[in-house]
Amino acid sequence: MAEFYSRLGLNVSTYDLFRRNLSNLENDLAFYKELAEKTGGPVLELACGTGVVSWAMAEAGFHVAGLDLSESMLAIAEAKRETFPNDVADRVTFLRGDMTDFSLLDQYALIIVAFRSFQSILDPADQRKVLACIRSHLAPGGRCVIDLFDPRLDLLHPAERTGFEPETVKDPETGEVVSRCVIRHANDPLSQTFEEIWCFELADTNGNVIEQAEETLAMRWVYRQEMRYLFELAGLAVEAEYSDYLGSPPTYGKEQIWVVKKP
Ligand SMILES: C[S@@+](CC[C@H](N)C(=O)[O-])C[C@H]1O[C@@H](n2cnc3c(N)ncnc32)[C@H](O)[C@@H]1O
């Protein structure tokens, strides 16, 4: 997934347009805000991307550090600073770093790894490094929330898949239309990873295609019980488990939303 977001191309520039339409993230910002109100700040967002969650937390009154590997995603997050009042802007710091290996001076009452970003870590040893870093940056009594998709077994067979429906959104500011489509999906059940080729297309207000791009997305799927073992190995205790941001109980094939703490 790291490579998928590395270029300042159509994928990154249109990320927010698609993110706001995702039904599986419905209510996510309110959920994080409510959690932060319980834990207090400061907040650390790992893999913060374009800063959607980080800025929402700062608007809610918390000091936030957002860390991401992608300079392009961070550039978009940083460009939003001028759109916020000074007091909000002053509460946010963005840092370039790798969530498998970082060391910050502060500890955090809430650490967020939103929208399946943990699944960009393809190697189980690196997953454990992320969790160890989280543990060492959690303040006493702090919480960490991690979002994953719950793997649907019917979609994870070794046969290649094609024929996906494109998604289309209109940019309300420019009137341009962006569409994106997975053109090939290949699973590797042995490593629990998949690779997808995504095609992006931008059309002007007359419907003429003015930009096209292809990007490769790689992710690792993680089973529910595997995640429990990973938390246990990392010395993190599961406090709550939901299948959506409205607080529904664990459900096959929806999201895995974990809230963990130091025991
Ligand atoms: C799906 S986006 C999520 C962004 C943001 N958290 C959100 O909710 O919109 C995944 C992000 O993970 C970042 N990422 C991938 N691997 C990373 C790593 N090892 N360390 C830090 N960030 C990473 C990517 O650069 C990308 O910005």
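This passage describes the ligand site and the second largest pocket of a predicted model. Local features need pLDDT of at least 70 and side-chain atom pairs count only at pLDDT 80 or more, while totals for chains, interfaces and linings use all residues. Residues are numbered from 1 along each chain as its sequence is written, and side-chain values use heavy atoms, without hydrogens and water.

The ligand is surrounded by 21 residues, each with a heavy atom within 4 Å of it. The closest are Tyr-15, Arg-19, Glu-45, Ala-47 and Asp-68. By class, the shell holds twelve nonpolar, five polar and four charged residues. Here Ala, Val, Leu, Ile, Met, Phe, Trp, Tyr, Cys and Pro count as nonpolar, Asp, Glu, Lys and Arg as charged, and the others, Gly among them, as polar.

Three atom pairs with the ligand stand out as polar contacts (N or O atoms within 3.5 Å). A polar side-chain atom of Tyr-15 lies 2.5 Å from a ligand oxygen atom. Ala-47 places a backbone N or O atom 2.7 Å from a ligand nitrogen atom. For Ser-120, a polar side-chain atom lies 3.2 Å from a nitrogen atom of the ligand. On its own, the ligand has 600 Å² of accessible area (Shrake-Rupley method, 1.4 Å probe), and the protein covers 98% of this.

The second largest pocket has a volume of about 330 Å³, the space filled by probe spheres set on the grid points. A pocket is an open set of points on a 1 Å grid over the protein atoms alone, where a 1.4 Å probe fits, with protein on both sides within 12 Å along at least five of seven lines. Its lining comprises 17 residues, each with an atom within 4 Å of a point. Ser-13, Leu-17, Arg-20, Asp-171 and Glu-173 are closest to the pocket centre. Eight lining residues are nonpolar, four polar and five charged.

Note on methods: A polar contact is a pair of N or O atoms within 3.5 Å; within protein, one must be able to donate a hydrogen and the other to accept it, and residues adjacent in sequence count only if both atoms are side-chain atoms.
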